[in-house]
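Biologist: Got a minute to go through this model with me? I'd like to start with one spot in the backbone.

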Amino acid sequence: MIAPVRTAVAPRITSPDAKTKQLKTTNAQLICRMLALGWRYRAGSLLVLAQQCTLVLLTLAQLGLAGLGIDVLRRSAQPDVTVNWPLGWQPPASWGTLAQVELIAAGILISAISFSLMRYWSIVSAAVLMQRLVVQLRTDVYDKLQRLSFRFFDANQTGSIINRVAGDVQAVRMFVDGVIIQVLSTLLSLGFFLAYMFSMHVPLTLACLATTPLLWVGSVMFSRVVRPAYQRASELGDALILRLSENFQGIHVVKGFAREADEISRFAEANGQVLQQKSNIFRKISIFQPIMGGLTQLNMMILLAYGGYLVIHGQLALGSGMFVFANLLTQFANQVGQVTNIANTIQTSLNGAQRVFEVLDAPEEVESPKIPIRPARIAGELEFRSVDFSYLPEHSILSDISFCVKPGQCVAIVGSTGSGKSTLLSLIPRFYDCTGGCVRIDGVDVRDWDLKQLRRSIGLVFQESFLFSNTVAANIAFGHPDATPQAIEEAARVASAHEFIIDMPDGYDTLIGEHGCNLSGGQRQRLAIARAMLLKPPILLLDDALAAIDPGTEHEIMQAMDQAMQGRTTFIVAHRLSTLRRADLVIVLHQGRIVQQGTHEQLMREAGHYLQSARIQIAPEAAGKNSPRRRAG
């Protein structure tokens, strides 16, 4: 028989250009791009930084007041101790120690309340800023995905694409929040702390910060070590999501073959690989953090030795000097310790940013020309002129395809699996652009048409009909959301769908489950045909649209569509002789080439692929008519 078509799927392989581009994207380039992204939200970022500066100043104020209080209490025991009040101010001589301490305590309380309020405001501001960034970036990625050609989706697995929109966008958000803002906040904090420490004692500050260059060297080395580990973790995460997605989509197959236990085992294995990779990263981090922490603790040892000497010899105050310096050094160490977290965030962000920017930078291979052609009326004449097509340069799918179809003609495309039937149809609405020759509609190269108008002028019914989780009416009107109920019903009648629709619980308002799970295959296909017919397109493409329909229903639909095809150029990928007999032209493909073309009657008189396949289909029918049981009946 004429072999049924299978939807052509391009090999999932990244193009050499994409790989080269990925290799050329350095860490510095990625960081610059993410900095530019943060600059788009500079107002919110500057507000958050200003809030962080205020928090640092309030922290310094609390430390200074606490140190001042210690000096005041110490003077009560040792009157010769000098107390340095801020800004040269001195309390009245009549104030006793208790009054001075109460004033200092009140100042600490006010600064603590101010710190809490400012902290709350800064958290809210940062959260709002990050959500704005995530929403906009996710929208940009999704918008770009809608405009990319099928080649991008052929080259990337579904799990990877979903991860880019969901997880990797969050990774870029982490860069703005956990790197840009965090680095600037850390630098501002370190600047204030250094200025304060230098104002107290320059030699002591230099001595305590002698290990700081080692922290920088360690961070750079850590970054280089863990980057490949983060990339591998993302790849394993993509594989895990793909395993999950395929299992849910193919749950009927899994249960039908009783493979639940095997699928659970495979998912557990994929999940375990992610866990193992993450554990490997965490082990590296757990080694790095104590080393960095140990270096910062050396500073405290230096402070106790050198600072203690200065206090003993009266060169540094105990409260406003040693106590404040120790707390500043702790704060400084905490801020330097953020280098570990920042380095960790940078690696996660760089890997996620690489994948997000791959989407945003992917070329829009199929798009409208700068000055597109928008004819008022499309007659439907269609010509393939020496068309070649290949998904990969070394693997040709179509070669030297040439034929012409007059307006209103019905063309049937037949051939064995993999001969290029679905690919040929995909070139008409420019799902792909041909790599050689051209496809013309009404004498105009389809690449010169306005892409949106071109596709809205072509009705499409695929072999595997996809329906959205919406009402029956909304699915039929997907290509024309403003269609009237009368127009929707008319399209349903043409597709012989009206009868089963009105028998549904809510008629045209009945909700369809995910992928049309509450409909039969024939019902889904009829709704897809109705969706195409609603647009009343001058060109209609049926990619084996009747494959999931029983012969009786096929007869009803074909009778209804005979009228709909009048004045409309129609392409049908089919294998049933009942369908092929209706075609004005039958094109036989074999290994991407046209080996025969003509009407059904003409091809039945020629030796070739068509006659051979037709005889295979006719033989069982003839045997059934001549069987003893049928003759006895």
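Modeller: Sure. Just after helix 17, K536 takes a positive phi of about 50 degrees. Keep in mind that this is a predicted model.

Biologist: Is K536 buried or exposed?

Modeller: K536 counts as exposed, because its relative accessibility is 56% and the cut-off is over 50%. The residue is not a glycine, despite that positive phi.

Biologist: And which elements does the loop with K536 connect?

Modeller: That loop runs between helix 17 and strand 7, which covers 539–543.

Biologist: Which other residue has a positive phi without being a glycine?

Modeller: S386 is one, also at about 50 degrees. S386 sits in strand 1, residues 382–392.

Biologist: How accessible is S386?

Modeller: The relative accessible area of S386 is 35%, so it is partly exposed.

Biologist: Back to helix 17. How many residues does it have, and how far does it reach?

Modeller: Helix 17 spans residues 521–534, which is 14 residues. From first C-alpha to last it reaches 20 Å. That is close to the 20 Å expected at 1.5 Å a residue.

Biologist: How many of its residues are buried?

Modeller: In helix 17, 12 of the 14 are buried, so the helix is largely enclosed by the rest of the structure.

Biologist: Which ones are they?

Modeller: The buried run starts with G522 and Q523. Then come Q525, R526, L527, A528, I529 and A530. R531, A532, M533 and L534 complete the list.

Biologist: What does L534 touch away from its own helix?

Modeller: A477 is in contact with L534. Setting aside neighbours within four places in sequence, A477 also contacts A483 and I488.

Biologist: Where does A477 sit?

Modeller: In the loop between helix 14 (472–476) and helix 15 (485–494).

Biologist: Buried or exposed, that A477?

Modeller: A477 has 6% relative accessibility, so it counts as buried.

Biologist: How far is A477 from A530?

Modeller: C-alpha to C-alpha, A477 and A530 are 8.7 Å apart in space. In sequence they are 53 residues apart.

Biologist: Switching topic. How do helix 3 and helix 4 pack?

Modeller: Helix 3 is residues 42–77 and helix 4 is residues 97–147. Their axes come within 9 Å and cross at roughly 160 degrees. An angle over 145 counts as roughly antiparallel, so that is how helix 3 lies relative to helix 4.

Biologist: Left-handed or right-handed crossing?

Modeller: Helix 3 and helix 4 make a left-handed crossing.

Biologist: What kinds of residues form that contact?

Modeller: The contact of helix 3 with helix 4 has 18 nonpolar, 16 polar and 2 charged residues.

Biologist: One more site. Where is S426, and what does it touch?

Modeller: S426 is in helix 12, residues 421–427. Beyond its neighbours within four places in sequence, S426 contacts F431 and Y432. At 15% relative accessibility, S426 counts as buried, because the cut-off is under 20%.

Biologist: Now zoom out. How many helices and strands in the chain?

Modeller: The protein chain has 22 helices and 10 strands. It has 633 residues, and 45% of them are buried.

Biologist: What share of the contacts joins residues at least 24 apart?

Modeller: Among contacts between residues at least 6 apart in sequence, 77% join residues at least 24 apart. The pair A477 and L534 is one of the contacts we covered.

Technical notes. Residues numbered from 1 in each chain as written. Predicted model: local features only at pLDDT ≥ 70, side-chain atom pairs only at ≥ 80, totals over all residues. Heavy atoms only, no water. Helix = DSSP H or I, 4+ residues; strand = E, 2+ residues; numbered from the N terminus. Expected span 1.5 Å × (residues − 1). Buried < 20%, exposed > 50% of the residue type's maximum accessible area, 1.4 Å probe, protein only. Contact = heavy atoms within 4.5 Å. Axes fitted to C-alpha atoms, helices over the stretch in contact; angles between N-to-C directions. Parallel < 35°, antiparallel > 145°, perpendicular 65-115°, else oblique. Left-handed = near helix turned anticlockwise from the far one by under 90°. Nonpolar A, V, L, I, M, F, W, Y, C, P; charged D, E, K, R; others polar.
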